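Here's a quick tour of a protein model, written for someone new to reading structures. Have a look at it first, and then we'll go through it topic by topic.

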Amino acid sequence: MLLTFQQAKQQVLQSVSTIKSLTHEKIGLFDALDRITAENVISPMNVPQFDNSAMDGYAVRLADLKQSTLLPLAGAIFAGDDISNLHWPQGTCLRIMTGAPVPNDADAVVMQEQTEKSDLGITFLSNVKAGDNIRRIGEDVKKGAITVKKGTKLTIPTLSTLATLGISDLVVFKKLKVAILSTGDELTPIGEPLSGNGAIYDSNRFTLKLLLSKLNCEIVDLGIIVDDPNQIKQALISASNQADLVITSGGVSVGDADYTKTALEELGTINFWKMAIKPGKPFAFGKIGNALFCGLPGNPVSTLVTFYQLVQPLILALSGLEDSSKDLSFKVKTATNLKKSIGRLDFQRGMLQINAQGELEVSTTGAQGSHITQSFNQANCFIVLEQERGNVAKGELVTVELFNALLK
Ligand code: AMP
Ligand code: MG
């Protein structure tokens, strides 16, 4: 019995605890995008640091407004002003700008649009409540609060919050070191003329490099290794000595030149080397020395799908991510028939779109062979078809999983 995808994923993620966690480094805020925090980030201050105005308008005391809705103007406060020596007589109001500090004894700020200005002062036209348009100290972030938890992937909005706290550097996990290599006598590096009639370009190693750099890994590129058991073994030893994770492409199936699996067996341990998914049935997972090992199938679509579905969550977990939020997945009707054989979980590529009735629906991107790289073109989601399901007719409900940032 082949492992199901869920069983395979569980085994992959369980292996994370067998690897020692990454060390830390302090980096500048600007370099921290997509890095993962290695410590809780505690706010050194309140934001806002002082009560301030949310509007351009007038600061008032409610007691004064009870006496009269017309109050003479006693002065103005601008953003950045120091108001510690401000004199504000009873029975008057103050002009105040957005972001300017609100005096302690002001009860509210009234927006300019709800007032009328005359030579006598300001007439307040609306009902004013205590606290109106005052942004309170600490309302956004409280001093001493955990602002970002350890194990969080840093996004632009999160870094922006840290910038409002004046934080200019922070402690993150060091980058995960990942060694990659391609296996195959047929492979030629891109940029060189094809080496013979049966030759093809080594597109997988190129793709892996892009994926890994997007996941902020440090890449050790061991190049192309020919289909020779000894050379593959030597390369795997060297890879596992240099990296936390080794990723290979090709050579994990049952062909006569598929040596990666046997090399793994001899050098380390295999957890599994097949699973019930399509594309990507041959996928070897195990450990060599202190490094985890993922042997991806050679077909480019299988490489990309298995990387996305299994290696990506593994890398994020190894990189220290704790709050791995689930990718968005939901059910919609398919607008096209979908070919499917019973027995494996399919990750077909789909286009999620809005139809003429304004409803969400998904259609296939066309031929889904594991060598059809164009099946990813136009795709914005996976159509995830259950292992026991057969052909799917137009109009049936299917599960779609929106691509996350890795494929955009
Ligand atoms: P394999 O898993 O080694 O049997 O390879 C399966 C298919 O993927 C074959 O058609 C290979 O030529 C192709 N393939 C293997 N490695 C790569 C690679 N690095 N880039 C592109 N295609 C590859
Ligand atoms: Mg091969």
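Let's start with a pair of facing residues: Lys333 stands opposite Glu361 in β25. The model you're looking at is predicted, so local features need pLDDT of at least 70, side-chain atom pairs count only at pLDDT 80 or more, and totals for chains, interfaces and linings use all residues. Residues are numbered from 1 along each chain as its sequence is written, chains are lettered from A and ligands numbered from 1 in the order in which they are written, and side-chain values use heavy atoms, with hydrogens and water left out.

**Strands around β23**

- β23 (residues 329–334) and β25 (residues 360–364) run parallel, joined by 2 bridges; strands here are DSSP runs of E with at least two residues, helices are runs of H or I with at least four, and both are numbered from the N terminus.
- Two strands pair if DSSP finds at least two bridges between them.
- β23 also has 5 bridges to β27 (residues 397–402), and these two run antiparallel.
- Within that antiparallel pair, Val332 has Val398 in β27 as its bridge partner.

**A little open sheet**

- Three strands make up an open sheet with antiparallel pairing, in the order β5-β10-β9.
- β5 (70–71) and β9 (115–118) each have a single partner strand and stand at the edges, so one side of each has no neighbour in the sheet.
- β9 and β10 (residues 121–124) pair antiparallel over 4 bridges, and Ser118 stands opposite Gly121 in β10.

**Around ligand 1**

- Which residues are closest to ligand 1? They're Glu186, Asp202, Gly251, Gly298 and Asn299, out of 16 that surround the ligand (a residue is near if one of its heavy atoms lies within 4 Å).
- That shell divides into 4 nonpolar, 9 polar and 3 charged residues. Ala, Val, Leu, Ile, Met, Phe, Trp, Tyr, Cys and Pro count as nonpolar, Asp, Glu, Lys and Arg as charged, and the others, Gly among them, as polar.
- β14 (177–183), β16 (200–201) and α4 (203–214) each give the shell at least two residues.
- An oxygen atom of ligand 1 sits 2.6 Å from an N or O atom in the side chain of Glu186 (a polar contact is a pair of N or O atoms within 3.5 Å).
- Backbone atoms join in too: a polar one of Gly251 is 2.9 Å from an oxygen atom of ligand 1, and a polar one of Asn204 is 3.2 Å from a nitrogen atom of ligand 1.
- On its own, ligand 1 exposes 490 Å², and the protein buries 77% of that (areas come from the Shrake-Rupley method with a 1.4 Å probe).

**The cavity**

- The structure holds 1 cavity of 30 Å³ or more; a cavity is a set of points on a 1 Å grid where a 1.4 Å probe fits but cannot get out, and lining residues have an atom within 4 Å of a point.
- The largest cavity has a volume of about 100 Å³, meaning the space filled by probe spheres set on the points.
- Its lining divides into 4 nonpolar, 2 polar and 6 charged residues, including Asp34, Lys153, Phe173 and Ser319.

**Backbone oddities**

- Asp34 is in the loop between β1 (24–28) and β2, and its phi is near 70 degrees, a positive value in a residue other than glycine.
- The peptide bond from Val47 to Pro48 is cis, with omega near -5 degrees, and Pro48 lies in the loop between β2 (41–42) and β3 (52–53).
- Lys278 to Pro279 is a cis peptide bond with omega near -5 degrees, and Pro279 is in the loop between β20 (277–278) and β21 (282–288).

Notes. 1 Å grid on protein atoms, 1.4 Å probe; cavity = no way out; pocket = protein on both sides within 12 Å on 5 of 7 lines; lining within 4 Å. Polar contact = N/O pair within 3.5 Å; in protein donor to acceptor, adjacent residues only side chain to side chain.
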